[in-house]
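Visitor: I'd like to learn how to read a structure like this one. Could you walk me through it, feature by feature?

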Amino acid sequence: MPQQIKQVIETALLAAQEPLSTAMLKKLFDSQVESKQISSYLEEIRKDWTDKGIELVRVASGWRFQVTAEMQPFLNRLNPPKTPRYSRAVMETLAIIAYYQPVTRGDIEEIRGISVSSSILKTLTARGWVDQVGHRNVPGKPALLATTQQFLNDLGIRALEELPPLEELGTLIDTEVNSIEESEVESSTNE
């Protein structure tokens, strides 16, 4: 029976489109298996998949199988990713929401020093990264915005505390901008 329970959990995780929580996995067994047992089986499955190119990871909304970072470049050759390019304004707005949540549109505008276009918030909402979580109890009752579990899942983290420190984020952006500028200079001198 234990081997079958483990196999059912593993099969469900491999077939699932979304991460599965322990509570969802418990439903597979009509409450005959305790959460503690499921957690133990999940750890066994994680160990079984070590060094296989696929790993079992825990994200904000549960457990999922995903390709390891070492294997991703090979898979990208089959299907080159068409990742959407987000403007600097979208990324700044997302960072403000992630690090200062819950925030209002006015808070974002105050931090950025520029007004926030509706299309920026619509982009983040459509992507499933930001949602309205309430209203601030002030005149006009502005909407409070916060990141979602989908945001955490897409980043592959369980909690906001796993985000890099805000100071480090600034240096990452500066490094990326400098490398883009350098590659543009090189390409213009080669022409």
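Visitor: Let's start with the surface. How much area does the chain expose, and what share of it do carbon and sulfur atoms supply?

Guide: Keep in mind that this is a predicted model. The chain exposes about 12800 Å², and 52% of that comes from carbon and sulfur atoms. As for the inside, 29% of the 191 residues are buried.

Visitor: And what is the chain built from, in helices and strands?

Guide: Count 9 helices and 4 strands. Walk along the sequence and you get α-α-α-β-β-α-α-α-α-β-β-α-α. To see how the chain folds back on itself, look at contacts with a separation of 6 or more: 49% of them are between residues 24 or more positions apart.

Visitor: How do I read a single helix? Say α7: which of its residues are buried?

Guide: The general idea is that an α-helix has 3.6 residues a turn, so residues three or four places apart point the same way. In α7, which spans residues 118–126, the buried ones are Ile 120, Leu 121 and Leu 124. Viewed down the helix axis, they sit within an arc of 95 degrees, so they line one face of α7. The face turned away from that buried side carries Lys 122 and Ala 126, which are exposed.

Visitor: What covers the buried residues of α7?

Guide: The cover includes two helices, α5 (88–100) and α6 (105–112), plus the strands β3 (130–135) and β4 (143–147). Past the end of α7, look for Gly 128, where phi is positive, near 85 degrees.

Visitor: Now charges. How many salt bridges are there?

Guide: The idea here is that side chains of opposite charge can pair when their charged atoms come close. The count comes to 8 salt bridges. Try Lys 6 with Asp 48, whose closest N and O atoms are 2.6 Å apart. Lys 6 belongs to α1 and Asp 48 to α3, so this pair ties together parts 42 residues apart in sequence. Lys 6 counts as buried at 11% relative accessibility, while Asp 48 is partly exposed at 37%.

Visitor: Where do Glu 109 and Arg 105 lie?

Guide: Both are in helix α6, 4 residues apart, which is about one turn. Their side chains meet in a salt bridge at 3.6 Å, N to O. Now go to Asp 154 and Arg 127, another salt bridge, with closest N and O atoms 3.6 Å apart. That one links distant parts of the chain: Asp 154 is in α8, Arg 127 is in the loop between α7 and β3, and 27 residues separate them. There's also a network, in which salt bridges with shared partners join Lys 6, Glu 44 and Asp 48.

Visitor: What about Glu 10: is it buried or exposed?

Guide: Glu 10, in helix α1, is buried and has no salt bridge. The nearest side chain of opposite charge is Lys 6, 6.7 Å away, whereas a salt bridge needs the nitrogen and oxygen within 4 Å. Glu 10 does make a polar contact of 2.6 Å with the side chain of Trp 49. Leaving out residues up to four places away in sequence, Glu 10 touches Ile 45, Trp 49 and Phe 65.

Visitor: One last stop: what does Leu 152 touch?

Guide: Leu 152 sits in α8 and is buried, at 10% relative accessible area. Beyond four places in sequence, Leu 152 touches several residues, among them Ala 60 and Leu 160. Measure across to Trp 129 too: 23 residues away in sequence, it is 8.1 Å from Leu 152 in space, C-alpha to C-alpha.

Notes
Residues numbered from 1 in each chain as written. Predicted model: local features only at pLDDT ≥ 70, side-chain atom pairs only at ≥ 80, totals over all residues. Heavy atoms only, no water. Buried < 20%, exposed > 50% of the residue type's maximum accessible area, 1.4 Å probe, protein only. Contact = heavy atoms within 4.5 Å. Areas by Shrake-Rupley, 256 points an atom, 1.4 Å probe, with all protein chains shown as cover. Arc of directions from axis to C-beta. Lys, Arg positive; Asp, Glu negative; His and termini not counted. Polar contact = N/O pair within 3.5 Å; in protein donor to acceptor, adjacent residues only side chain to side chain.
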